[in-house]
Amino acid sequence: VCPRQVPGPEKVSSLGKDWHKFCLKCERCSKTLTPGGHAEHDGQPYCHKPCYGILFGPKGVNTGAVGSYIYDRDPEGKAQP
């Protein structure tokens, strides 16, 4: 959230707060976001793909990145399907 007051034409509202258009960014990758067009976690905005999915999505689901499948290993180090 912007520490200074946001003037009308530069203001967008999201997550119950006012932001400058250029300050509403993904907490992970800093991509500029649009109100209602992003995910939220602990009051912070994140882009849906790939950031929110990578950080908070279910493990073992393909999020589109190389090596995005995660498997548990047994004690002998063999991958479990």
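Buried means under 20% relative accessible area, exposed means over 50%, and partly exposed covers the range in between, with a 1.4 Å probe and protein chains only. By that definition, 22% of the 81 residues of the protein chain count as buried. The model is predicted, so local features need a pLDDT of at least 70 and side-chain atom pairs count only at pLDDT 80 or more, whereas totals for chains, interfaces and linings use all residues. Residues are numbered from 1 along each chain as its sequence is written, and side-chain values use heavy atoms, with hydrogens and water left out.

**Figure 1. Overall view of the protein chain, with one helix and four strands.** Helices (H or I, at least four residues) and strands (E, at least two) are DSSP runs, numbered from the N terminus. Read along the sequence, these elements follow the pattern β-β-β-β-α. Among the contacts with a separation of 6 or more, where contact means heavy atoms within 4.5 Å, residues 24 or more positions apart account for 10%. The protein chain exposes about 5,900 Å², of which carbon and sulfur atoms supply 52%; accessible areas come from the Shrake-Rupley method with a 1.4 Å probe, and for residues only the protein chains shown count as cover.

**Figure 2. Close-up of the largest nonpolar core and of the surroundings of Leu-24.** A nonpolar core is a set of buried Ala, Val, Leu, Ile, Met, Phe, Trp, Tyr and Cys residues joined through side-chain atoms within 4.5 Å. The largest such core has eight residues, namely Val-12, Trp-19, Leu-24, Cys-26, Leu-33, Tyr-46, Cys-47 and Cys-51. When neighbours within four places in sequence are left aside, the contacts of Leu-24 include Val-12, Trp-19 and Leu-33, together with Ser-14, Lys-31, Thr-32, Thr-34, Pro-35, His-38 and Pro-45.

**Figure 3. Close-up of the aromatic cluster formed by Tyr-46, Tyr-52 and Phe-56.** Rings of Phe, Tyr and Trp (its six-membered ring) pair if their centres lie within 6.5 Å, and planes under 30 degrees apart count as stacked, over 60 as edge-to-face and the rest as tilted. A search of the whole structure finds two aromatic pairs. The rings of Tyr-46 and Phe-56 have their centres 5.2 Å apart and their planes at 75 degrees, so this pair is edge-to-face. The pair links distant parts of the chain, with Tyr-46 in strand S4 (residues 44-46) and Phe-56 in helix H1, ten residues apart. Tyr-46 counts as buried at 12% relative accessibility, while Phe-56 is partly exposed with a relative accessible area of 29%. The rings of Tyr-52 and Phe-56 have their centres 5.3 Å apart and their planes at 50 degrees, and the pair is therefore tilted. Tyr-52 and Phe-56 both lie in helix H1, four residues apart, about one turn of the helix, and Tyr-52 counts as partly exposed at 27% relative accessibility.

**Figure 4. Close-up of the salt bridge between Asp-18 and Lys-11.** A salt bridge is a side-chain nitrogen of Lys or Arg within 4 Å of a carboxyl oxygen of Asp or Glu, and the structure holds one. The side chains of Asp-18 and Lys-11 meet at 4.0 Å, N to O. Asp-18 counts as partly exposed at 36% relative accessibility, and Lys-11 is likewise partly exposed, with a relative accessible area of 38%.

**Figure 5. Close-up of backbone geometry at Leu-15, Ser-30 and the peptide bond between Lys-49 and Pro-50.** Most residues other than glycine have a negative phi, and most peptide bonds are trans. Leu-15, although not a glycine, has a positive phi of about 60 degrees; this residue is found in the loop between strand S1 (11-14) and S2 and counts as partly exposed at 31% relative accessibility. Ser-30, also not a glycine, has a positive phi near 70 degrees, lies in the loop between S2 and S3, and is partly exposed with a relative accessible area of 46%. A cis peptide bond, with omega about 0 degrees, joins Lys-49 and Pro-50, and Pro-50 lies in helix H1 (residues 48-56).

**Figure 6. Close-up of Gly-36 in the loop between strand S2 (17-20) and strand S3 (39-41).** Gly-36 is exposed, with a relative accessible area of 74%. Gly-36 and Ser-13 are 23 residues apart in sequence, and their C-alpha atoms are 9.1 Å apart in space.
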